[in-house]
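Open your viewer and get your selection tool ready. We will go from stop to stop, picking a few residues each time and looking at what is there.

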Amino acid sequence: MSDGIANVFRHLTTGVHVIGVADGDRRNAFTASWVVQVSFRPLLLAISINPAHASYTLLQGGRVFAINVLRAEQQALAKHFGTQSGRTVDKLAGIRWRAGRTGAPLLHGALAFFDCQVVSDVEAGDHRLVMGRVVDGAVLIPAGHPLIYAATGDLDQSAELYPKEFCKWR
Ligand SMILES: Cc1cc2nc3c(=O)[nH]c(=O)nc-3n(C[C@H](O)[C@H](O)[C@H](O)COP(=O)(O)O)c2cc1C
């Protein structure tokens, strides 16, 4: 069981986000907890994305992404965008969204959003660290509270992805 180390990593407090991507008229979105601010001037945010995701192809082509910050009540959206691929289902169908300044999808009812243009895309182990310059953003629900990654439990099924040798930690 590697759930012990997964539990340690859940104590890195992050929110849960839906990352919208667009390449022209082609759009998709996926759930991501690995999102961080990395600079004030210029304003830069970074996401970490598995290059096997359908979203990565659109991200590479369009070089834009939007970070939709989920509210505590939006766990169902985290599941919708985070447990199925845009290769097999149109995840944006039936969801209220609009195109942001970059063209990336912004979800109606999210806590806040950031609209970004990609400035770099580098290998980071089995993921890609994609940095974006923030070109737009707003708080949409000022009284809302963020969904915290730890509250999603093993929704991302990451417990089995941690190296087995870490099991001996606990
Ligand atoms: C709570 C949660 C957090 C996730 N965080 C990330 C993440 O930070 N980076 C990532 O690449 N995938 C993450 N995922 C997995 C993707 O959202 C998932 O594999 C998705 O189905 C990919 O969609 P796509 O193939 O349509 O791009 C997360 C999933 C969940 C449920």
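A salt bridge, for this tour, is a side-chain nitrogen of Lys or Arg within 4 Å of a carboxyl oxygen of Asp or Glu. Keep in mind that you are looking at a predicted model.

**Stop 1: the charged pairs**

Select Asp 121 and Arg 128 to begin. These two form a salt bridge, and their closest N and O atoms are 2.8 Å apart. Are the partners buried or exposed, or in between? Asp 121 has 21% relative accessibility, so it counts as partly exposed. Arg 128, at 22%, is also partly exposed. The cut-off helps here: buried means under 20% relative accessible area and exposed means over 50%, so values in between are called partly exposed.

Next, pick Arg 71 and Glu 73. Their side chains meet in a salt bridge with an N to O distance of 3.2 Å. Glu 73 has a relative accessible area of 59%, so it is exposed.

Then move to Asp 23 and Arg 26. Here the closest N and O atoms of the salt bridge are 3.9 Å apart, which is within the 4 Å cut-off. Asp 23 is partly exposed, with 24% relative accessible area.

How many salt bridges does the rule give in total? The count comes to five. As background, side chains of opposite charge can pair when their charged atoms come close.

**Stop 2: the largest pocket**

Now select Trp 34, His 53, His 127, Asp 156 and Leu 161. Of the 41 residues that line the largest pocket, these lie nearest its centre. The volume of this pocket is about 1300 Å³.

Which elements give two or more residues to the lining? Colour strand 2 (26-32), strand 3 (35-39), strand 4 (44-49), helix 2 (54-62), helix 3 (75-82) and strand 9 (127-139) to see them. If you colour the lining by class instead, you will find 21 nonpolar, 17 polar and three charged residues.

Stay with His 127 for a moment. This residue lies in strand 9, and its relative accessible area of 14% makes it buried. Add Ala 52 to the selection and draw a C-alpha to C-alpha distance: His 127 and Ala 52 are 8.8 Å apart in space, although 75 residues separate them in sequence.

**Stop 3: a buried strand residue**

Select Ile 19, which you will find in strand 1 (residues 17-23). With 0% relative accessibility, Ile 19 counts as buried. Now add Ala 112. The two are 93 residues apart along the chain, and their C-alpha atoms are separated by 12 Å.

**Stop 4: a nonpolar patch on the surface**

Turn on the surface and select Val 8, Phe 9 and Leu 12. Together they form a nonpolar patch with about 260 Å² of accessible area. Phe 9 belongs to helix 1 (residues 3-9). Its relative accessibility is 33%, so Phe 9 counts as partly exposed. That value also clears the patch rule, which takes residues with over 30% relative accessible area.

**Stop 5: backbone details**

Go back to sticks for the backbone. Where is the cis peptide bond? Look at the step from Arg 41 to Pro 42, where omega is near 0°. Pro 42 sits in the loop between strand 3 and strand 4.

Next, select Arg 63, in the loop between helix 2 and strand 5 (64-69). Its phi is near 55°, a positive value in a residue other than glycine. Arg 63 is partly exposed, with a relative accessible area of 39%.

Gln 157 is worth a click too: its phi is also near 55°, again positive in a residue other than glycine. You will find Gln 157 in the segment after strand 9. At 53% relative accessibility, Gln 157 counts as exposed.

**Stop 6: one long distance**

For the last selection, take Ile 148, in the segment after strand 9. This residue is partly exposed, with a relative accessible area of 33%. Add Asp 25 and draw the C-alpha to C-alpha line: Ile 148 and Asp 25 are 123 residues apart along the chain and 31 Å apart in space.

Note on methods. Residues numbered from 1 in each chain as written. Predicted model: local features only at pLDDT ≥ 70, side-chain atom pairs only at ≥ 80, totals over all residues. Heavy atoms only, no water. 1 Å grid on protein atoms, 1.4 Å probe; cavity = no way out; pocket = protein on both sides within 12 Å on 5 of 7 lines; lining within 4 Å. Points joined across faces, edges and corners; volume = space filled by probe spheres on them. Helix = DSSP H or I, 4+ residues; strand = E, 2+ residues; numbered from the N terminus. Nonpolar A, V, L, I, M, F, W, Y, C, P; charged D, E, K, R; others polar. Patch = residues over 30% accessible without salt bridge, like charges linked within 9 Å, V, L, I, M, F, W, Y side chains within 5 Å. Areas by Shrake-Rupley, 256 points an atom, 1.4 Å probe, with all protein chains shown as cover. Buried < 20%, exposed > 50% of the residue type's maximum accessible area, 1.4 Å probe, protein only.
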